[in-house]
Amino acid sequence: MKQRVFSGARPTGKQHIGNYLGAIQNYVALQEEYDCIYCIVDVHALTSLESTDRLQEDINEMMLDWLAAGLDPQKSILFVQSHVPEVMELHTLLSMVTPLGWLLRVPTFKEKARMQPQNVNYGLVGYPVLMTADIVLYKAEVVPVGEDQLPHLELAREIARRFNSMFAPTFPEPQAKLTSFPLVLGLDGVQKMGKSYNNYIELAATSEETLERVMTAVTDPARQYRSDPGHPEICNVFSLQHFFNINRVEEIAAECRSAGIGCVDCKKLLARGINSALEPFRERRIALEAKHQLVVEVLSDGARRAQVIAKETLAEVKERMGLLQRAV
Ligand code: TRP
């Protein structure tokens with residue numbers, strides 16, 4: 001039997017090339033070897049959203065990107081967290097076996113509390129418990145995540161272990177599967193590419209928008225004049241060439257060092273590389289977008305399939321915790 005993979009991602013709307021290289025590409029590849037479940041975690045998003053006005057639109061756009069990128073509802077279960085409410089029940093039950101001290105020590109909790117001091121809500125403390133519930137509800141064994149999620153995964157294993165030893169062996173201890181991808185920097189060359197820094201290129205952008213965005217990218221700051229030699233090893237635009245112009249990387253580096261090409265030339269090459277790599281994705285996305293009910297159908301079918309597994313696990317958990325009524 002194939003091992004089960006589970007991963008979740010917050011609904012961040014249209015995905016960018018950092019999401020693709022760091023996560024989506026990996027999700028797609030895992031479909032061939034594992035039994036995969038991928039979830040858009042809308043309830044987790046509520047722990048730090050200022051407004052929920054865009055939530056449904058963000059879920060829709062994100063799912064379109066996932067589908068266009070090759071996540072296949074025939075192979076994987078694709079669903080939205082809140083559509084399978086059993087996870088919230090399991091969250092509550094797991095919270096009873098999770099020492100508060102474990103949660104208060106989680107580095108992401110401390111960071112969130114610092115970043116949103118006006119909104120240190122109860123859900124934020126329970127964030128890793130909900131994440132554990134996501135994973136163990138489906139008895140997932142493998143969890144593809146970025147490095148930032150390792151403390152959460154460690155906690156998920158501890159909670160699973162504790163439940164297993166307090167009641168009966170029920171959950172596999174989930175293993176993190178790190179994406180082998182290096183950090184993708186944003187166009188500013190400083191931060192990780194991310195929605196909050198406005199330093200990203202959307203997968204679904206047009207060729208013109210892509211070129212425009214790439215032109216704003218920061219390059220080697222020491223290179224002020226076209227005739228100055230460049231330093232590709234410290235240049236952010238050059239590092240993106242690795243992903244999109246792999247066959248020409250050496251040539252571009254040499255031309256940059258000798259000032260044979262300027263930063264504008266280099267950016268044009270990069271934009272062209274991105275546009276040709278993403279052309280098939282963009283065509284698929286436009287076609288998918290035209291099918292109006294598609295995302296709704298995919299998500300309701302995904303939720304239905306996920307719920308079958310969820311109900312089974314939850315019944316088992318309740319039975320082990322003594323919550324099932326029986327004649328006395
Ligand atoms: N915490 C993850 C993040 O912020 C998202 C997430 C929620 C998740 N539940 C999960 C990831 C379960 C993996 C497995 O990126």
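## Exercises on a ligand shell and its salt bridges

Helix 7 contributes four residues to the shell around the ligand, the most of any element. The model is predicted, so to speak with care: local features need pLDDT of at least 70, side-chain atom pairs count only at pLDDT 80 or more, and totals for chains, interfaces and linings use all residues. Residues are numbered from 1 along each chain as its sequence is written, and side-chain values use heavy atoms, with hydrogens and water left out.

### Exercise 1: the ligand

Describe the residues around the ligand and the polar contacts of R10, Y127 and D134.

**Step 1.** Begin with the residues near the ligand (a heavy atom within 4 Å of it). There are 13 of them, and G8, Y127, M131, D134 and Q149 come nearest.

**Step 2.** Sort the shell by type: seven residues are nonpolar, four polar and two charged.

**Step 3.** Look for polar contacts (a pair of N or O atoms within 3.5 Å). A polar side-chain atom of R10 is 3.4 Å from an oxygen atom of the ligand. In the side chain of Y127, an N or O atom lies 2.8 Å from a ligand nitrogen atom. For D134, a polar side-chain atom is 2.7 Å from a nitrogen atom of the ligand.

**Step 4.** Turn to the cover, using accessible area (Shrake-Rupley method, 1.4 Å probe). On its own the ligand has 370 Å² of accessible area, and the protein covers 90% of that.

**Step 5.** Place the shell on the elements, which are DSSP runs (helices H or I, at least four residues; strands E, at least two). Strand 1 (4-9), helix 7 (122-137) and strand 4 (142-145) each give two or more residues.

### Exercise 2: the salt bridges

Which parts of the chain does the salt bridge between K311 and E86 tie together?

**Step 1.** Apply the rule: a side-chain nitrogen of Lys or Arg within 4 Å of a carboxyl oxygen of Asp or Glu. The count comes to 18 salt bridges.

**Step 2.** Check the pair: the closest N and O atoms of K311 and E86 are 3.0 Å apart. K311 lies in helix 13 (residues 294-320) and E86 in helix 4 (residues 86-95), so the salt bridge joins parts 225 residues apart in sequence.

**Step 3.** Add the exposure of E86 (buried under 20% relative accessible area, exposed over 50%, partly exposed in between). At 7%, E86 is buried.

**Step 4.** Compare R54 and D58, whose closest N and O atoms are 2.9 Å apart. R54 is partly exposed at 43%, while D58 is buried at 14%.

**Step 5.** Finish with a network of salt bridges, which links E61, D65, R285 and E289.

Terms used: Polar contact = N/O pair within 3.5 Å; in protein donor to acceptor, adjacent residues only side chain to side chain. Nonpolar A, V, L, I, M, F, W, Y, C, P; charged D, E, K, R; others polar. Buried < 20%, exposed > 50% of the residue type's maximum accessible area, 1.4 Å probe, protein only.
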